[in-house]
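These are my notebook entries on one chain, written down in the order in which I looked things up.

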Amino acid sequence: ERLHVDHLLERSANTLSGGQLQRVMIARGVACVARGAPVILADEPTSALDPQTTRNVLECLESINTRFGVTIVIVTHEMRVVRTLCHRAAVMDQGHVVEIADVRDGEFRMQSPQALALLAEEA
């Protein structure tokens, strides 16, 4: 209900929009947490979503993390998602971690060229 996908349960995946499909996939992750999964992997969880749906998804993921204590690993290029949800961020380049930073306070203290490029895109 929180992700507003209950009305989509009877529809086939190939009839859903990108945003609807994204929300359904996150709802599936929530179901896994309910079954005791210790980690959720969210690959670009807010891509193709409108601003309101993005806020709903981020609030839901934050609630899952807080309520169930589950670790959520997020793959994203969107620094606002990192600022909103993440406690730590790893910056990768060609499959290798080039920097890890604490972002609990919403501020980044990164120095790698890759991280600085991501932060510049955000501005």
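I began with burial, and I found that 37% of the 123 residues in the chain are buried; I keep in mind throughout that this is a predicted model.

I then looked up the exposed surface, which comes to about 7900 Å² for the chain, with carbon and sulfur atoms supplying 52% of it.

For the charges, I noted 12 positive and 16 negative side chains, and the centres of these two sets lie 6 Å apart.

Turning to overall dimensions, I recorded that the C-alpha atoms fill a box of roughly 50 × 30 × 25 Å along the principal axes. Among the contacts with a separation of 6 or more, I found that 46% are between residues 24 or more positions apart.

Next I went through the secondary structure, where I listed four helices and four strands, and reading from the N terminus I wrote down the order α-β-α-β-α-β-β-α.

I followed one stretch of that order in detail: strand β1, residues 39-43, runs parallel to β2 and is joined to it by five bridges, and within this pairing L41 stands opposite V73 of β2. With helix α2, residues 51-68, the strands β1 and β2 make a β-α-β unit, whose hand I entered as right-handed.

Which side chains of β2 are buried, and which are not? Going along residues 71-75, I saw the side chains alternate, with I72 and I74 pointing to one face and buried, whereas T71, V73 and V75 point to the other face and are not buried. V73, the residue that L41 stands opposite, therefore goes into my notes as not buried, the cut-off for burial being under 20% relative accessible area.

Notes: Residues numbered from 1 in each chain as written. Predicted model: local features only at pLDDT ≥ 70, side-chain atom pairs only at ≥ 80, totals over all residues. Heavy atoms only, no water. Helix = DSSP H or I, 4+ residues; strand = E, 2+ residues; numbered from the N terminus. Buried < 20%, exposed > 50% of the residue type's maximum accessible area, 1.4 Å probe, protein only. Contact = heavy atoms within 4.5 Å. Areas by Shrake-Rupley, 256 points an atom, 1.4 Å probe, with all protein chains shown as cover. Lys, Arg positive; Asp, Glu negative; His and termini not counted. Charge placed at Lys NZ, Arg CZ, Asp CG, Glu CD. Pairing = 2+ DSSP bridges. Right-handed = clockwise from strand over helix to strand, strands pointing away.
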